[in-house]
Amino acid sequence: MQFLIESGDVLLEGFLATLRMLALTFLLALPLGVVLAVMRISPVPSLRWVATGFTELLRNTPLTLVFFLLVFVMPRLGVIIDFQFSAIVALTLYTAPFFSEAIRSGVNSVPVGQAEAARSIGLTFGQTARHVILPQAVRSVIPPILNVTIALTKNTSVAGGFLVFELFASSRRLANAYANETILIFVVIALCYLAITIPLGRLADALEKKVAVLR
Amino acid sequence: MTSVLYDVPGPKARRRSLIASIATGLLLAGVLAWVLLTLGGEGLFDYERWDIFQDPLVWSALGGALLVTLQVAVIASVIAVVLGSVFAVLRLSKVALVRVPTTIVLEFFRGMPVLLMMFFILILFATSQYWAVVLGLGLYNGAIIGEALRSGIVALPKGQREAGLALGLTPLKARLLIEFPQAFRSMTPIIVAQLVVLLKDSSLGYIVGLEELVRRQRTLAEFYGFSQYGFSFFVITLGAFLIVNLTLSYIARRLASRTPGGRATRRAARSAIGEMADTTVVPVQRAAERSRHRTESDYTGGSGSIQ
C-alpha cells in the first residue's frame, strides 16, 4: 500500500493526462467524423469516394502504425511537432472514421418510408430532415458514438508507448519503481480506466433503452 | 443511388453534382500532387531510398516478422473464440455464484486497454513477449466475443429453449445443443470482424517489445539508416497490413451477407460489441439497403401501373 501514498500524484497526473487527451481527441474527431459521414451520404459521388477511401485506409491500419508515422517518420520528413500533439492527431485520424461509420449507420437506419411519407405530405427537404429524419437518426447515433468513445479511451494508452506521459506510461513508471507491488499497481491503473469506460458503457446502454425508436 | 435524405437527382442536381465532382477531383489531384512533390522534394522516390528492397534478405526478414504477426493473431484468435464461448455460457448461468464473478471478470477485461493487460502479463508472469501479447489479445477479445455470443443467445426466440426443455433436455444441454450453435452461427460475421481488430491490435506487440512486423521494420530501418530508409520501410509495412486486413474485412463482409439472423440479433450484437469492430455497421446497413431496394422497386412498379 506504500506506493499508493507515495505516488498518488503520479497516478493523478497520468489520469488527468489521459482524460485531457480523451477530451481533446473527442472534440477534434467528432466534427471530422460528422464531415466524413456527411460526405459519405451526400449525393455527390466524388465526395463519397474520397470519404470512403479515407475511412477504409484508416480503419485497416493499426493504430500503432499511425502513431509510428506521426512520431517517428514525419519528423524525418521535416514535420516536427510536439509528441503530445502528434498523439492527439494520430488518435483523431484513427477515430474519426469510426465516428463517421457510427453516424452513417444511424442515418441509414431510418427507413426510407419515413422520408417518403414526409415528402408526400408536402414537407420540404429542410423540414423532412429537421422534423422526421434527424430526431430518429440522432437517437440511434448516440449509443454507438459512446461506444467509439469507450474504445478511444482504451486507445489513448497507445500514446504511452510513444513517449507521451499518461496513465499507461505512469503504470510503467510505477511498475519499475515498486517491483514487488505490481499486482496492486495493475489493479489500480485498470480501475482508473474502468472509472471512465464503465460509466460510459452504462450511459450508452441506458440511452439505447431510453431513446431507441421501436420498429 | 437513393438515400433517406434525398430523391433521385434530376437534371439540375446531376449537373451540380458533376460540377462538385470535378471540383473535388481537382482539389484531390492538387493535394496528391502537392504531397508527392513534397515527398519527391525530400528525395523519397530516389533510387537510393529503395535499393535495399532488391536484397532478398530484407524481404525474408520482413516476411518472418509478418509470420510472427499472423501467428500471434491466429493463436490469440483460437484462445479468444474458445474463451468467449465459455464466458458466454457461464455468464448466462442460473447460478449466481457462477454468473456474478464471470460478469465482473468480463467487465474488467473489456473495460481496460489491451496494452495494459499485455504489459502486466509480461511482468507478472515473467513470460516471453510473445506469450504476453498472445494471452493479452486472447483474454481481451475472449471477453468481447463472449459478450457478443451472450447477446446472440439472448436474442434467440424463447421457443428454441422451450422446445429443448420440452424434449427433456436439461437446461445446460438445451443451451449447449440448441441455443449456442445458433448464436454462434448468427454471430460469425461479428466474430470475424473482431478478429480483424485482433490482428490490428497484434501490432501493440511493438510497444511491449515483441519482434513483430512494426518493430522489425523499425529495427531494419535503423540498421540500414533510418533517415534514408525509415519512410520506405514504413510504406512497405503499411502495405502489408492493408493487404491482410482488407482481405479479412472482405471475408467478414461476405460472411455477413450469407449469415441469416434477425434484426434483433444484429441490434443486440451491435450494442454488445460496441467496439470498433470493422463490420459492425455492415449488417445494419445491409438491412437498410435491402429495405431501400425493396421500396424503390415497389415505388417504380406502383407509379408504372398508375400510368
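Start at the salt bridges between the two chains: in this predicted model, the rule finds one salt bridge across the interface of chain A and chain B. To see it, select B:Arg253 together with A:Glu56, whose closest N and O atoms lie 3.8 Å apart. The same interface also holds eleven residue pairs in polar contact, counting pairs in which both residues have pLDDT 80 or more.

Next, colour the side of chain A that touches chain B by element; helix 3 (45-59), helix 5 (83-108) and helix 7 (125-155) of chain A are among those that give two or more residues to it, while helix 10 of chain A gives the most, with twelve residues. Colouring this side by class instead gives 39 nonpolar, 16 polar and twelve charged residues.

Now show the whole contact, which takes 67 residues from chain A and 60 residues from chain B. The area buried between the chains is about 6100 Å², and carbon and sulfur atoms give 68% of that area. Pick out A:Asn60, A:Lys154 and A:Phe186, which supply 11% of the area that chain A buries against chain B, more than any other three residues.

Then move to the largest nonpolar core, where, of 125 residues, A:Phe67, A:Phe68, A:Phe162, B:Met112, B:Leu116 and B:Phe233 touch the most other members. Helix 6 of chain B (residues 129-154) gives the most to this core, with twelve residues. Centre the view on B:Leu116 and, leaving aside its neighbours within four places in sequence, you will find it in contact with A:Phe168, A:Ser171, A:Phe186, A:Ile189, A:Ala190 and A:Tyr193.

Finish with a second, separate core of eight residues, selecting A:Val110, A:Ala115, A:Val132 and A:Ile133, which are included in it.

Key:
Residues numbered from 1 in each chain as written. Chains lettered and ligands numbered in written order. Predicted model: local features only at pLDDT ≥ 70, side-chain atom pairs only at ≥ 80, totals over all residues. Heavy atoms only, no water. Contact = heavy atoms within 4.5 Å. Buried area = accessible area lost by both parts, 1.4 Å probe. Salt bridge = Lys/Arg side-chain N within 4 Å of Asp/Glu carboxyl O. Polar contact = N/O pair within 3.5 Å; in protein donor to acceptor, adjacent residues only side chain to side chain. Helix = DSSP H or I, 4+ residues; strand = E, 2+ residues; numbered from the N terminus. Nonpolar A, V, L, I, M, F, W, Y, C, P; charged D, E, K, R; others polar. Core = buried A, V, L, I, M, F, W, Y, C linked by side-chain atoms within 4.5 Å. Buried < 20%, exposed > 50% of the residue type's maximum accessible area, 1.4 Å probe, protein only.
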